[in-house]
Amino acid sequence: MTLLVGLKLFKLLQVLFLSGIKFLFAPLISIGYGFNYIQTSLITAVGGILGIFFFYFLSKWIIAQYNRFSPAIYSYFTGVKLEASRRILIREIKIKKKFTRKNKMIINARNKYGFVGIILFTPVLLSIPLGAFLARKYYSGRSHTLIYMSISVVLWSFFISSLIFLF
């Protein structure tokens with residue numbers, strides 16, 4: 001009997017972990033493991049919210065580390081002296097930026113969809129780690145960012161679970 005409970009707990013943890021990383025596939029795996037509609041919706045919602053909180057606060061550390069070490073890395077690969085690379089990275093010296101097609105697409109998407117786009121598309125299109133990082137990097141000054149992202153995850157959880165159970 002304890003083996004059966006342990007196996008069910010392991011499946012639950014797998015679905016929680018998957019919904020915190022790639023949310024779109026978590027309801028399918030949950031249903032495959034035999035969870036019902038309510039269980040699937042709640043497990044994926046809780047896992048997605050935990051993933052958002054984890055990656056949002058991890059992003060703060062990653063951004064701080066990047067700001068701390070980027071002058072040294074830049075100077076190592078470019079051969080520019082460390083003090084000059086600090087000025088370049090702080091933008092005291094203007095660098096001519098190359099606008100590639102990818103950069104233009106990112107700028108257009110950010111200008112067109114912005115904060116609402118990150119909130120709505122994080123669970124299904126962007127993935128939770130990337131969406132949490134973008135929200136932290138560009139919109140950390142906004143109040144209730146985590147609440148809006150959590151609401152989005154809950155709504156998508158019930159929507160995707162409903163679609164799967166209906167069809």
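**A helical protein, its second largest pocket and a greasy patch**

Okay, reading along the sequence, this protein goes α-α-α-α-α-α-α. That's seven helices and zero strands, where helices (H or I, at least four residues) and strands (E, at least two) are DSSP runs, numbered from the N terminus. Keep in mind that this is a predicted model, where local features need pLDDT of at least 70 and side-chain atom pairs count only at pLDDT 80 or more, while totals for chains, interfaces and linings use all residues. Residues are numbered from 1 along each chain as its sequence is written, and side-chain values use heavy atoms, with hydrogens and water left out.

Of the 167 residues, 30% count as buried, meaning under 20% relative accessible area with a 1.4 Å probe, protein chains only.

Now, the second largest pocket. There's about 360 Å³ of space in there. A pocket here is an open set of points on a 1 Å grid where a 1.4 Å probe fits, with protein on both sides within 12 Å along at least five of seven lines; lining residues have an atom within 4 Å of a point. The volume is the space filled by probe spheres set on the points. Twelve residues line this pocket, and Ala109, Arg110, Ile118, Leu126 and Leu134 are the closest to its centre. So who supplies the lining? Helix α5 gives the largest share, ten residues, and α5 and α6 (128-139) each supply at least two. By type, the lining has nine nonpolar residues, two polar and one charged.

Last thing: Val116 also lies in α5, residues 101-126.

Key:
Nonpolar A, V, L, I, M, F, W, Y, C, P; charged D, E, K, R; others polar. Buried < 20%, exposed > 50% of the residue type's maximum accessible area, 1.4 Å probe, protein only.
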